[in-house]
Amino acid sequence: MFSSLGLFANLACPAGLQCLRPSCLYSHRSDLPLPHSLNIPIEKPKATPRPNHVATTIPAKRAATHTPATHFPASSTAAGPSSISSNATEPPRKLQRLGVTEKRVTATSTSYTSTGVPILKVNAAQSFIAIPVRQAMIKNLHDHFVVLYGALLESNPHLAAEHTLRQEEEVYKKSTKFTYRNAVISSISNLKRRTRPDSISHASVGTIDEVAAREESRNKLSSLHLRRENLQHMIMTLDVMRDWGYIVDIPAGEGGSEPNRVGHTVKCERCSQPYMVKPYEQTEECDYHWGRQYTKVVEGSDRVRLYTCCLRPVSDGGGCVRGPHIFYESDPEALHLRHAFSATQPSNASTVLDVVAMDCEMVYTTGGFRCARVSVIDGTGAEVFDELVRMDSGVEVVDYNTRFSGITQENHSKAVLPLSAIRKSLSVLIDSSTIIIGHGLENDLKTLRMIHHKCIDTAILFPHKAGAPYRRSLKDLAKEHLGKVIQAGGPTEGHSSVEDSVATLDMVRWYVLNKPKPKAASTDTVAKARPLFD
């Protein structure tokens, strides 16, 4: 410490005899008058006053306490010196913990340059590669994705940009500052070697990691040969089949005695109005929506019912397209009248398969909803049957339902075998012990007029979160679990029964590989629960 100059030696100490300063600058002589004009705050001792002239050690500075910000009182967040000095236990502002700054996740943007190149918007401080460098690499990747997806960009204009950003992000996460450029160049070389896709579901569509993951998953699925013993625990019980609309017994009455409904009045499945069934040349048109109704929340809490086909409100009435009146029957006796049901029989033929996946495409006729194409694949995924079905005598096609069936008048004119002959051909491959896999399989069996009890339905195997009777579409299930895009043909091409059969088989393969077998339940649990599978 510096020595005192004695400038206050002739002034009486304001504290007088109560002064506790070890080296007081003032005088403590008794003959000096006390200064009344000074008002200096004195810190009062907390304990019993000590006798005069007892030396005590007082630290020159108070140590700051490093306390987490969550332990400070509310006043610690106020601005200004007054708020800092108002609480003696609070550390100076510069020593307070104001919270840990979270690392920002790299976020892509949907903005594009004038040439269509996506613009990467990230926090420059969080990127170890200069943003201009990354943007230049994005342009190079985008140029090659545009070339690769040349046949797809008309229907998917932003596909190249979306995959460019995802590809660059994959490279960025795996690279360092020194390997980033070479990794992008390697990715471009990979894109150049790919086969140009002709559909969105092609194996070449996607980033490098996405394509590799799909290929690995495909190889794992394709190597699994489904056999009867693998699937016994997944076969539905008869009670469950009945609950989901399966016909498990041959209906009463003479089958096939009334193949069509010409001259009868029925309700149109599309416009819900009654109409008289007439031959194709005399068919009347109705105004309808081909999409389904769904609920959308607008303006906070208001709910509006819309159509998926045109997004028009249901309350507006009318339709968005015009087409012929059609009718649909679900009553077993009525279906039996159009064409007789028959059950699959046991067989010792060597051609009978353990497991098949099957899908049908249907059209609307004067005899209701009828099967027009049948596709079957075996447990390895190989196609074993694919035939168009000629309508029975007296039954005319009213609407080929091309948007969903993929069948046109031109290709259906090549059909040779009627449904009875198709059933005989199927009996060579399918007997009563064959496990049939399908999605919404009860509809296929109804149009085939087939009674079969060994069934696995992926619509039930992968239930809707809202429960029955809601079902998830095969398209959504394939995209979620298989990473596969199906039914992307559009209104002119429709669905493919072969593609759907493969998808249902792969869904069951995925289930076998990823879902554990159910554990054996206790006797009480079995007594209370209704089993889903045999």
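Visitor: How many salt bridges does a search of the whole structure find?
Guide: The model is predicted. A salt bridge here needs a side-chain nitrogen of Lys or Arg within 4 Å of a carboxyl oxygen of Asp or Glu. Searched over the whole structure, that criterion gives a count of 21.

Visitor: With which residue does Glu169 form a salt bridge?
Guide: The closest N and O atoms of this pair are 3.4 Å apart, and the cut-off is 4 Å. The two residues are 4 apart in helix H3 (residues 159-174), so about one helical turn separates them. Glu169 is partly exposed at 22% relative accessible area, while its partner is exposed at 64%. The partner is Lys173.

Visitor: How many residues apart are Asp209 and Lys174?
Guide: Asp209 and Lys174 form a salt bridge with closest N and O atoms 2.8 Å apart. The pair links distant parts of the chain, with Asp209 in helix H5 (residues 208-222) and Lys174 in helix H3; the separation is 35 residues.

Visitor: Is Lys174 buried or exposed?
Guide: Exposed means over 50% relative accessible area, and buried means under 20%. Its partner Asp209 has 30% and is therefore partly exposed. Lys174 has 60% relative accessibility, so the label is exposed.

Visitor: How far apart are the closest N and O atoms of Asp249 and Arg242?
Guide: Arg242 counts as partly exposed, at 42% relative accessibility. Asp249 forms a salt bridge with Arg242, and the closest N and O atoms lie at 3.9 Å.

Visitor: Which residues do salt bridges that share partners join into one network?
Guide: A network arises here where salt bridges have partners in common. The members are Glu258, Arg261, Glu329 and Arg338.

Visitor: Why is the pair of Phe128 and Tyr172 classed as it is?
Guide: The count of aromatic pairs comes to 7. For Phe128 and Tyr172, the ring centres are 4.5 Å apart and the planes are at 15°. Planes under 30 degrees apart fall in one class, so this pair is stacked.

Visitor: Which parts of the chain does the pair of Phe128 and Tyr172 tie together?
Guide: Phe128 is partly exposed at 35% relative accessible area, whereas Tyr172 is buried at 8%. The two are 44 residues apart in sequence. The parts tied together are the loop between H1 and helix H2 (131-148), which holds Phe128, and helix H3, which holds Tyr172.

Visitor: Which residue lies over the face of Tyr172?
Guide: Tyr172 counts as buried. The residue over its face is at 3.8 Å from the ring centre, and that residue is Arg134.

Visitor: Which residues do ring pairs link into a cluster with Tyr364?
Guide: The rings of Tyr364 and Phe369 have centres 4.8 Å apart and planes at 35°, so they form a tilted pair. Tyr364 is buried at 13%, and Phe369 is buried at 18%. The residues linked with Tyr364 are Tyr328 and Phe369.

Visitor: Over which ring does the charged end of Arg449 sit?
Guide: The distance from the ring centre is 5.7 Å, and the limit is 6 Å. The ring belongs to Phe341.

Visitor: What is the area of the nonpolar surface patch that includes Leu25?
Guide: Leu25 is in the segment before helix H1 (81-85). At a relative accessible area of 48%, Leu25 is partly exposed, and patch residues need over 30%. Leu5, Leu7, Phe8, Leu11 and Leu25 make the patch, with an area of about 550 Å².

Technical notes: Residues numbered from 1 in each chain as written. Predicted model: local features only at pLDDT ≥ 70, side-chain atom pairs only at ≥ 80, totals over all residues. Heavy atoms only, no water. Patch = residues over 30% accessible without salt bridge, like charges linked within 9 Å, V, L, I, M, F, W, Y side chains within 5 Å. Areas by Shrake-Rupley, 256 points an atom, 1.4 Å probe, with all protein chains shown as cover. Buried < 20%, exposed > 50% of the residue type's maximum accessible area, 1.4 Å probe, protein only. Phe/Tyr/Trp six-rings, centres within 6.5 Å; stacked < 30°, edge-to-face > 60°. Lys NZ or Arg CZ within 6 Å of the ring centre and 35° of its normal.
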